[in-house]
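Please read the following points with the model open beside you, taking each one slowly and checking it by eye. The terms are explained where they are needed.

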Amino acid sequence: MRKISIFDTTLRDGEQSAGVNLNFTEKLEVARQLERLGVDVMEAGFPASSKGDFRAVQEIAKRIRGCSITGLSRSNQKDIDTSWEALKGGAEPRLHLFIATSPIHMKYKLRKSPEEVIESAIESVKYASKKFPIIQFSAEDACRTELPFLAKVVKEVIDAGAQVINIPDTVGYITPQEYGNVFTYLKENVSNIDKAILSAHCHDDLGMAVANSLSAVEHGADQLECTINGIGERAGNASLEEIAVALHIRQDYYQANTGLQLNEIMRTSTLVSKLTGMIVPANKAVVGKNAFAHESGIHQDGVLKEKSTYEIISPELVGVASNSMVLGKHSGRHAFRTHMESLGYEMSDEEMNRLFIAFKELADKKKEIADDDLMALVTEERLGAATTYYEMTALQVQYGTNNIPTATITLKDPEGNELQEANTGSGSVEAIYNTLERMIESPVRLDDYRIQANTGGRDALAEVYVSVNFRNKSSRGRGTAQDVLEASAKAYLNAINRVLLQEQWHEENRKVVKK
Ligand code: KIV
Ligand code: ZN
């Protein structure tokens, strides 16, 4: 059985999804969960792209010791030096160097001749080898690159010191058969290919990213790059959970497997969905809400008689079974702590105490507390403070079929001053948003609003996700509360707070640089 390495790029390519902008604390939370899932390589960001990315990669490299941490770098010395500064404290620092090799990218984007591109690639790999123990080289837009030229680039960078060669289908253009042929071609036409590990990186523009990745495995790739829930640029990247479960379920065919803890898949998917605000479609393979639901009578009858009639993946395999109702209002501190630990949460006594209080408050309003509720509590508790600029201390909404909906809101600003305002709207949510906009004193455009229940049951927590445009920046926000209006207000304020905190952070860093 071959072992396929999983290179997760949720925090780099995944974070490039339109409107997604995870803050530092959220990235760290995702990194911890990816470590628990058992990925082999974690691409934590693109250190030279921004100060925020640099800091996140540096901290993740310092704190996550269970896998190799990497960062993306263009083929120039400045990017390589910045990446080294960010990654050098990591357990197994790896550089992910790239340069485009397709005629279209070389001519229009890089404005370089093929010879200049090869030269840059070789020089960069040689330069990086002096610092990094492991270098991965990606030929961007490899799938629209002429094969003899691709083979030449690959041979040269391996000679220069690259140990991993990644073949990205940057624009999601190739078909599974063609992608397999690229790997076969390289194996047959690059004399030093056995000195490198081959890797696949697929985008999903034509819906073939997972099929292409699996085809690469059949044709010699030993590493697959992917993201949780398949998030990423445009239509996204190959989805990690689909690849991992396909290899597991069809071991008989692929004769290959990953080293992932598959029962951490659902939890990882839920966390990434919550933090990015990208809701997983119900019919998504492996992690969608309907992935294990049997609706038709014939199917239900079959499954009751013998599960394997219609079920090829057991929910337990990906960690769905742990999602049962477990705690309630009478659960004590000890039971709470034991259960949180069984879910894999490591926390200090202080954090556990704060969470227990939040749990008790929720248990007073909600009869049964499911694991999903506990996860929402942890997310709020751990990440809430990191996204608070204005804090909402009170919300009151008046609604009646014959009245004009009116919201009254009290906010606390970062200096601790209380602000209060009221406004109307054609509905309760609009009244809330009009009030908040008046308090913030800058126009906010609401681009998207979604609401979902965190669990089943009428007393379920409401989760609201919004996308806004505020001060010419797109921002996503989420809010969780038992009341849908409160969740709506929180989500909107959260999206605004993220922009304000980002501006504050840049301002502080500008001052530090000036000093
Ligand atoms: O899609 C792509 O080409 C990439 C590379 C930078 C690896 O993400
Ligand atoms: Zn990509």
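1. Before anything else, a word on names: helices (H or I, at least four residues) and strands (E, at least two) are DSSP runs, numbered from the N terminus. This is a predicted model, in which local features need pLDDT of at least 70 and side-chain atom pairs count only at pLDDT 80 or more, whereas totals for chains, interfaces and linings use all residues. Residues are numbered from 1 along each chain as its sequence is written, chains are lettered from A and ligands numbered from 1 in the order in which they are written, and side-chain values use heavy atoms, with hydrogens and water left out.

2. The record offers a starting point, since an unreviewed UniProt entry carries the annotation "domain: Pyruvate carboxyltransferase" over residues 4-266. UniProt positions are given here in the numbering of this model, feature names are shortened, and annotations may be inferred rather than shown by experiment. In the model, the span 4-266 is 44% helix and 18% strand, and its end C-alpha atoms lie 20 Å apart.

3. Which strands close into a barrel, and in what order? There are 8 of them, in the order E2-E3-E4-E5-E6-E7-E8-E9, with parallel pairing; two strands are said to pair if DSSP finds at least two bridges between them. On average, neighbouring strands of this sheet are turned by 25 degrees against each other, direction ignored. Here axes are lines fitted to C-alpha atoms, for helices over the stretch in contact, and angles run from 0 to 180 degrees between N-to-C directions.

4. One pair from the barrel can be followed in detail: strand E7 (residues 164-169) and strand E8 (residues 197-202) pair in the parallel sense over 6 bridges, and Ile165 stands opposite Leu198 in E8. Helix H8 (residues 209-218) packs on the sheet and touches E7, E8 and strand E9 (223-226), with a direction that makes about 170 degrees with that of E8; contact means heavy atoms within 4.5 Å. Helix H3 (residues 77-87), in turn, lies across strand E4 (68-74) and strand E5 (94-100), and runs at about 160 degrees to E4.

5. Where does UniProt place the feature "binding site"? The unreviewed entry gives Asp13, His201, His203 and Asn237. Although they span 225 residues in sequence, no two of their C-alpha atoms are more than 10.4 Å apart, so they gather at one spot.

6. Asp13 is found in the loop between strand E2 (5-8) and helix H1 (24-37), and His203 in the loop between E8 and H8. With buried meaning under 20% relative accessible area, exposed over 50% and partly exposed in between (1.4 Å probe, protein chains only), Asp13 counts as buried because its relative accessibility is 3%, and His203 likewise counts as buried at 4%. Leaving aside neighbours within four places in sequence, Asp13 is in contact with His201, His203, Gly232, Glu233 and Asn237.

7. Which protein residues are donors of the zinc ion (ligand 2)? They are Asp13 (OD), His201 (NE2) and His203 (NE2), lying 2.0 to 2.1 Å from the ion. Donors are N, O and S atoms within 2.8 Å of the metal (3.2 Å for Na, K and Ca), and as water is not among the atoms, sites may look incomplete. In sequence, the donor residues are spaced D-x187-H-x1-H.

8. Beyond the barrel, an open sheet of 3 strands has the order E16-E17-E18, with antiparallel pairing, and its edge strands, E16 and strand E18 (473-481), each pair on one side only. Strand E17 (residues 462-470) is joined to E18 by 9 bridges, and Phe470 stands opposite Lys473 in E18. Helix H16 packs on this sheet and touches E16 and E17, its direction making about 135 degrees with that of E16.

9. Two backbone angles deserve a look. Glu441, in the loop between helix H16 (428-440) and strand E16 (444-453), has a positive phi near 65 degrees although it is a residue other than glycine, and it is exposed, with a relative accessible area of 71%. Val286, which is not a glycine either, has a positive phi of about 70 degrees, but Val286 counts as buried at 6% relative accessibility.
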